[in-house]
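Trainee: I am new to this structure and would like a close look at a single part of it. Could you take one charged pair as the starting point and then work outward to what surrounds it?

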Amino acid sequence: MKNTDLIKLPFSKNNPILVQVLGVCSCLAVTAQLKPAVVMAISVTVVVMLSNLIISLMRNTIPPRIRIIVQLVVVSTLVVLVDQVLKAYMYDVSKQLSVFVGLIITNCIVMGRLEAFAMVQKPWPSLLDGLGNGLGYSVILITLGFVRELFGSGTLWGYPVMEKLGLYSIGYENNGLMIMPPMALILVGLIIWWHRSRNKDLCEQ
Amino acid sequence: MDYINIFIKSIFVDNMIFAFFLGMCSYLAVSKTVKTSAGLGIAVTFVLLITVPINYLLNKFFLAPGAMTWISPSLADVDLSFLSLIMFIAVIAAIVQMVEMIVEKFSPSLYNSLGIFLPLIAVNCAVMSGSLFMQERGYANIGEATVFALGSGIGWFLAIVAIAAIREKLRYSHIPPALRGVGITFIITGLMGMAFMSFMGFKL
């Protein structure tokens, strides 16, 4: 596989959320607003990239029987670093994300890419694969955060868009359902529907 | 807070799947038939029931701020809570490995039916978040933590069995090709989540 494909494919044919169905938990829980979604997207991208790189460097020395524990230790070390950085510099967002930063450890994208790619590939392609999958995940997260915050609470990044546009005075109402958790699932379902009707070969029989 | 309150609350109000979307990956991947999903549900409940109390003790006696005063009073200002992520996941991975070996030794038939899922539970978000929520909500004693773990496990079990039953029936219905499989499962889970939202604000 070419290096550019490693970055490009996760956006379309091999998107971690839409096609591989990995890392769904966090994608649904943190997207009620744009800001936590962006922070989460960046954190996951960093963790996937670095853990892919580190595991790929160690891949020949890890005994296969205990590889899951080794992978978990590497990933959780990185996640602790991310958690501490967030607590130090973005305390309010880190409170909002609560346990979901910790849950990056068990985020299936991280483990999935380690198992499927980093254990058998050289460091540089692994790093790119991590970056590509992290960005593919980020695209979905940011889309969801954008739609849910805009229609659910009428703001974007805390800025009252709908109010400034003067929509409330002509009778516009926020759709309270959008900030509720179940709507995230339905939106992902609709995105998958749209994505698979564009890529017929991904449809299940 | 009494035990029954925590138990009911963790099954319905704070259902791991419908309220927090935890453990979605295996929930989506394994929910094709009722039988396998019931097996996975039992395994997750079992692992939660063992790991949460252990992590509760770990948190209480080692990790929480000032927890180590029982060793010597001079350790009162030691705060190891930044280590809790690594400690929890290490405990979970070790317990899962141990459970796998014990089940393999004493009940080969159960091992064969669960075999594939057991190692996967180590990376199931529902198990990890059981420990993290336990730490965040600060349960008063080990009994409450255990009841919470049992309730969350049963809630997860109910959710995965319910979706598996629906998916078995769905096979006979006419769904647009692009929506088949994962897509429709997402939308149904969303609708079920709305139904579960009616438990919100439910007080005992």
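Mentor: B:Arg137 counts as partly exposed, because its relative accessibility is 30%, and this value, like every other one here, comes from a predicted model. The partner of B:Arg137 in a salt bridge is B:Asp14, with the closest N and O atoms 3.8 Å apart. The two residues belong to distant parts of the chain, since B:Asp14 sits in the loop between helix 1 (3-13) and helix 2 of chain B, while B:Arg137 is in helix 7 of chain B, 123 residues apart. B:Asp14 has a relative accessible area of 19%, and because buried means under 20%, B:Asp14 is classed as buried.

Across all chains, the whole structure holds four salt bridges, and two that lie in chain A can be set beside the pair just described. A:Asp92 forms a salt bridge with A:Lys35, where the closest N and O atoms are 3.9 Å apart. A:Asp92 is in helix 5 (residues 91-97) of chain A and A:Lys35 is in helix 3 (residues 34-58) of chain A, so this pair ties together parts that are 57 residues apart in sequence. Both ends are partly exposed, A:Asp92 at 48% relative accessibility and A:Lys35 with a relative accessible area of 28%. In another salt bridge the side chains of A:Asp129 and A:Arg113 meet at 3.0 Å, N to O, and because A:Asp129 lies in helix 8 (residues 123-152) and A:Arg113 in helix 7 (residues 108-118) of chain A, the pair ties together parts 16 residues apart in sequence. A:Asp129 and A:Arg113 are both buried.

Between the two chains the picture is another one, for the count of salt bridges between chain B and chain A is zero, and the count of residue pairs in polar contact, both at pLDDT 80 or more, is zero as well. Helix 7 (125-137) of chain B, the helix that ends at B:Arg137, is listed with helix 2 (24-30), helix 4 (84-106) and helix 9 (182-197) as each supplying at least two residues of the side of chain B that touches chain A. The largest share of that side, ten residues, comes from helix 9 of chain B. By class, the side of chain B that touches chain A has 28 nonpolar, nine polar and two charged residues. The contact takes 39 residues from chain B and 39 residues from chain A, and the area buried between the chains is about 3600 Å², with carbon and sulfur atoms giving 82% of it. B:Phe21, B:Ala178 and B:Phe186 supply 19% of the area that chain B buries against chain A, more than any other three residues.

Turning to the nonpolar residues, the largest core has 116 residues, and those with the most contacts inside it are B:Met24 and B:Tyr27. Leaving aside neighbours within four places in sequence, B:Tyr27 is in contact with residues including B:Ile17, B:Phe18, B:Trp156 and B:Thr189.

As for the chain that holds the starting pair, chain B has nine helices and zero strands. Of the 204 residues of chain B, 52% count as buried. Among contacts in chain B between residues at least 6 apart in sequence, 76% join residues at least 24 apart, and the C-alpha trace of chain B spans about 70 × 45 × 30 Å along its principal axes.

Methods:
Residues numbered from 1 in each chain as written. Chains lettered and ligands numbered in written order. Heavy atoms only, no water. Contact = heavy atoms within 4.5 Å. Buried area = accessible area lost by both parts, 1.4 Å probe. Polar contact = N/O pair within 3.5 Å; in protein donor to acceptor, adjacent residues only side chain to side chain. Helix = DSSP H or I, 4+ residues; strand = E, 2+ residues; numbered from the N terminus. Nonpolar A, V, L, I, M, F, W, Y, C, P; charged D, E, K, R; others polar. Buried < 20%, exposed > 50% of the residue type's maximum accessible area, 1.4 Å probe, protein only. Core = buried A, V, L, I, M, F, W, Y, C linked by side-chain atoms within 4.5 Å.
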